[in-house]
Amino acid sequence: MLMISGTVLSAATRRGLLWAAAAAVALAVIVYLLRPDPLPVDLAVVSRGPLAVTAREDGLTRIRERYEVSTPLAGRLQRIELDVGDEVVAEQTVLARLEPTLPSLLDPRTLAQAQARVRAAERRLELAKLQQESALAEAEHAQSERVRIYQLHRQGAASDSEHQQAELQARLTADAQRAAKYAVEIAQYEWELEKSALLLAQGTESEDASEMELVIRAPVSGRVLRLRQENSAVIPVGTVLMEIGDPHDLELVVDVLSRDAVRIQPGAAVEVHRWGGDQTLHGSVRYVEPAGFTKFSALGVEEQRVNVIIDLLEPPEQRPTLGDAFRVEAEITLWQTPEALRIPTSALFRSGQTWATFIVRDGTAELRQLEIGAMNEAFAEVLSGVEEGDTVIEYPGDRIEPSVAIVPRA
């Protein structure tokens, strides 16, 4: 006989309680067996760290200072013995020999044109010297500013960005000074070449063929890049014979979408990939061209693109096989910060008009609306919605819903 709190239960009551308890246990077992299994998911952690937004585009190398050698007057060109790739030395290597035709020598119009070209060459030489003096003054000022900012930076009175900007400005002005020096040398060469052409146009009394021969020498040191005219022929004035330049003095030309070009600043960092070498090359944006152009993509989509000119930072010894018009892949920094609250882009999805993610709370998924800032292929900047250290679900599928049980994938 069963007694509860002094009350005696009958046999029928006892059997009813036992059946009720058995039913409750069976129901609990059924609910446990029929409950859905936790979904295996990939997890990631919201963290803080550097974040950069880049534009990755194909580009081409080109020689910074290339020179086209042309004839100062009409005449018969002797066969050029140089080949593409041959090394030339400024003022020493003979590029071509030209024998002027006699009728043109007696033409007063030709003589007047030769005199005018000499005067124009003199003015170009004077202008190049003035630009060289200006470039020298700017380089000296930038160098003094670099030293001053460096000292302030060591004392903590100048920021890292100011120090980097001063270093960049000093390097850019040094490059401009070097370019101005090359311009003076080329202008000097053109002036001397035009003077020689004027002497030939005036003619000589003997008119001996050897005395009438015009020798065209290399204006700068480098290599022959392209031959435009190789065989012996009678050619008009101004005919381009060849292109010469230093194949190690390279820059990059990368065309980017116009919407990315407006975000690129001079001095932006660049990484150069897939150029043929094992290591990654580095560069710096010199300037962005102010005019764009239309280009069709591989899918036939019309795009507006802008050329970005990039200086390579590695010395030529680290890229000896890289030449003119070689294809490369450049990754240009559009925006960067040393520290940002980052979430993997694989954990993001669109929920209405906003970004959202699932975070893990007590073994279940919880939906969170996010405010996202800058974003690249791997990470996105989180402005609000989650905190550092939160665990989020990567690649959430259709089965992931709020309150669904989850388990980390093995």
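In the predicted model described here, four strands are arranged as an open antiparallel sheet in the order S5-S12-S10-S7. The edges of this sheet are formed by strand S5 (66–70) and strand S7 (87–88), each of which pairs on one side only. At one of these edges, S7 pairs with strand S10 (residues 222–227) in the antiparallel sense, over 2 bridges, and valine 88 has glycine 222 in S10 as its bridge partner.

A further open sheet, made up of 4 strands with antiparallel pairing, follows the order S9-S8-S6-S11. Its edge strands, which pair on one side only, are strand S9 (214–217) and strand S11 (233–235). On average, and with direction ignored, neighbouring strands of this sheet are turned by 35 degrees against each other. Within the sheet, strand S8 (residues 94–99) is joined to S9 in the antiparallel sense over 4 bridges, and the bridge partner of alanine 96 in S9 is isoleucine 216.

As a whole, the protein contains 6 helices and 23 strands, and 36% of its 410 residues are buried. Among contacts between residues at least 6 apart in sequence, 75% join residues that are at least 24 apart. The exposed surface of the protein comes to about 23,800 Å², of which carbon and sulfur atoms supply 53%. The pLDDT averages 84 over the protein, and 90% of the residues score at least 70. Over residues 204–210, however, the pLDDT is below 50, and this stretch has 5 contacts in the model beyond near neighbours in sequence.

In soluble globular proteins, nonpolar side chains tend to be buried together. In the present model, the largest nonpolar core has 26 residues, and the members that touch the most others are Val272, Val285, Ile310 and Ile332. At least two residues of this core are supplied by each of strand S4 (47–63), strand S13 (250–257), strand S14 (269–273), strand S15 (281–296), strand S16 (302–312) and strand S17 (327–344). Another core, which lies apart from this one, consists of 23 residues, including Tyr67, Ile216, Val224 and Leu241.

Strand S13, one of the contributors to the largest core, is largely enclosed by the rest of the structure, because 8 of its 8 residues are buried. Strand S13 is joined to S4 by 5 bridges, with the two strands running antiparallel, and here leucine 60 has valine 253 in S13 as its bridge partner. Strand S13 is also joined to S16, again in the antiparallel sense, by 7 bridges, and in this pairing the bridge partner of leucine 252 in S16 is isoleucine 310. When residues up to four places away in sequence are not counted, isoleucine 310 touches Glu251, Leu252, Val254, Val270, Gly283, Ser284, Val285, Arg286, Ala330 and Ile332; the last of these, Ile332, is itself among the residues of the largest core that touch the most other members.

Histidine 273 is found in strand S14, a strand that also supplies at least two residues of the largest nonpolar core. Histidine 273 counts as buried because its relative accessibility is 16%, whereas the cut-off for a buried residue is under 20%. Not counting residues up to four places away in sequence, histidine 273 touches Arg56, Thr280, Val328, Glu329 and Glu331.

Strand S17 is joined to strand S21 (residues 379–384) by 3 bridges, and these strands run antiparallel; in this pairing, the bridge partner of isoleucine 343 in S21 is alanine 380. Strand S21 is also joined by 3 bridges to strand S20 (residues 364–375), in the antiparallel sense, and isoleucine 372 stands opposite valine 382 in S21. Strands S20 and S21 form a hairpin, with 3 residues between them.

Alanine 380, which lies in strand S21, has a relative accessible area of 0% and is therefore buried. Leaving aside neighbours within four places in sequence, alanine 380 is in contact with Leu51, Leu341, Arg342, Ile343, Thr345, Leu348, Ile372, Ala374 and Met375. Although alanine 380 and alanine 340 are 40 residues apart along the chain, their C-alpha atoms are separated by 9.0 Å.

Notes
Residues are numbered from 1 along each chain as its sequence is written. This is a predicted model: local features need pLDDT of at least 70, side-chain atom pairs count only at pLDDT 80 or more; totals for chains, interfaces and linings use all residues. Side-chain values use heavy atoms; hydrogens and water are left out. pLDDT is the predictor's confidence in each residue, from 0 to 100. Contact means heavy atoms within 4.5 Å. A nonpolar core is a set of buried Ala, Val, Leu, Ile, Met, Phe, Trp, Tyr and Cys residues joined through side-chain atoms within 4.5 Å. Buried means under 20% relative accessible area, exposed over 50%, partly exposed in between (1.4 Å probe, protein chains only). Two strands pair if DSSP finds at least two bridges between them. Axes are lines fitted to C-alpha atoms, for helices over the stretch in contact, and angles run from 0 to 180 degrees between N-to-C directions. Accessible areas come from the Shrake-Rupley method with a 1.4 Å probe; for residues, only the protein chains shown count as cover.
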